[in-house]
Amino acid sequence: MENNNPVLKVSDIKNLIRHLSDELNKLDDADGVELHDDLYWNILDNELYNPYHEPAKLTIGSLTEDWEFLQKFRSGGREMIDYDLYKLASILKFLGKNNIMKKK
């Protein structure tokens with residue numbers, strides 16, 4: 001059986017993140033972004049990528065807690081771990097939902 005799963009190059013992912021970051025740098029950060037919706041539903045990993053079964057167990061995440069967790073890495077209080085990408089993804093989803101790129 002042939003594997004038809006796409007392979008994402010790390011360099012392409014880094015370039016995309018760099019371009020998105022460049023766009024964020026163009027925004028006026030005077031007001032910042034208010035986390036007016038703090039709590040969100042989180043689907044467990046073993047259910048998230050199984051679209052043929054409805055998730056049986058949901059947990060609650062917090063954007064505020066995610067941000068505080070990431071700040072510990074940013075300030076040098078701990079080393080980066082893979083889970084940081086989960087936390088950042090939650091914040092990026094919130095930013096995308098709130099159309100911050102259009103607020104130029």
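In the predicted model, Arg 78 forms a salt bridge with Asp 84, and the closest N and O atoms of this pair lie 2.7 Å apart. The two partners differ in their burial class, since Arg 78 is partly exposed, with a relative accessible area of 21%, whereas Asp 84 counts as buried at 5% relative accessibility. A search of the whole structure finds 3 salt bridges, and the pair of Arg 78 and Asp 84 is one of them.

A further salt bridge joins Lys 87 to Asp 66, with 3.1 Å between the closest N and O atoms. Because Lys 87 lies in helix α4 and Asp 66 in helix α3, this pair ties together parts of the chain that are 21 residues apart in sequence. Lys 87 is buried, with a relative accessible area of 17%, a value under the 20% limit that defines this class. Asp 66 likewise counts as buried, at 1% relative accessibility.

The salt bridge between Lys 97 and Asp 37 has its closest N and O atoms 2.9 Å apart. This pair links distant parts of the chain, with Lys 97 in helix α4 and Asp 37 in the loop between α1 (10–25) and β1, 60 residues apart. Asp 37 is partly exposed, its relative accessible area being 35%.

Helix α3, which takes in Asp 66, spans residues 63–74. This helix has 12 residues and reaches 16 Å from its first C-alpha to its last, close to the 16 Å expected at 1.5 Å a residue. Within α3, Leu 63, Asp 66, Leu 70 and Gln 71 are buried. These residues cover an arc of only 135 degrees around the axis, which puts them on the same side of α3. Such an arrangement can be read against the geometry of the α-helix, in which there are 3.6 residues a turn, so that residues three or four places apart point the same way. The buried residues of α3 pack against β1, β2 and α4 (83–97). After the helix comes Gly 76, whose phi is positive, near 90 degrees.

Helix α4 also contains Ser 90, a residue that counts as buried at 16% relative accessibility. When neighbours within four places in sequence are left aside, Ser 90 is in contact with Tyr 40, Leu 63 and Asp 66. Among these contacts, Leu 63 and Asp 66 belong to the buried residues of α3, and Asp 66 is also the salt-bridge partner of Lys 87. Leu 85, by contrast, is found in helix α4 but counts as exposed, at 55% relative accessibility. The C-alpha atoms of Leu 85 and Thr 59 are separated by 18 Å, the two residues being 26 residues apart along the chain.

On the surface, Leu 39, Trp 41, Leu 58 and Ile 60 form a nonpolar patch, with about 470 Å² of accessible area together. The elements that give two or more residues to this patch are β1 (39–43) and β2 (58–62). Leu 39, which lies in strand β1, is exposed, with a relative accessible area of 60%. The strands β1 and β2 thus contribute to the surface patch, and both are also among the elements against which the buried residues of α3 pack.

How values were computed:
Residues numbered from 1 in each chain as written. Predicted model: local features only at pLDDT ≥ 70, side-chain atom pairs only at ≥ 80, totals over all residues. Heavy atoms only, no water. Patch = residues over 30% accessible without salt bridge, like charges linked within 9 Å, V, L, I, M, F, W, Y side chains within 5 Å. Areas by Shrake-Rupley, 256 points an atom, 1.4 Å probe, with all protein chains shown as cover. Salt bridge = Lys/Arg side-chain N within 4 Å of Asp/Glu carboxyl O. Helix = DSSP H or I, 4+ residues; strand = E, 2+ residues; numbered from the N terminus. Buried < 20%, exposed > 50% of the residue type's maximum accessible area, 1.4 Å probe, protein only. Expected span 1.5 Å × (residues − 1). Arc of directions from axis to C-beta. Contact = heavy atoms within 4.5 Å.
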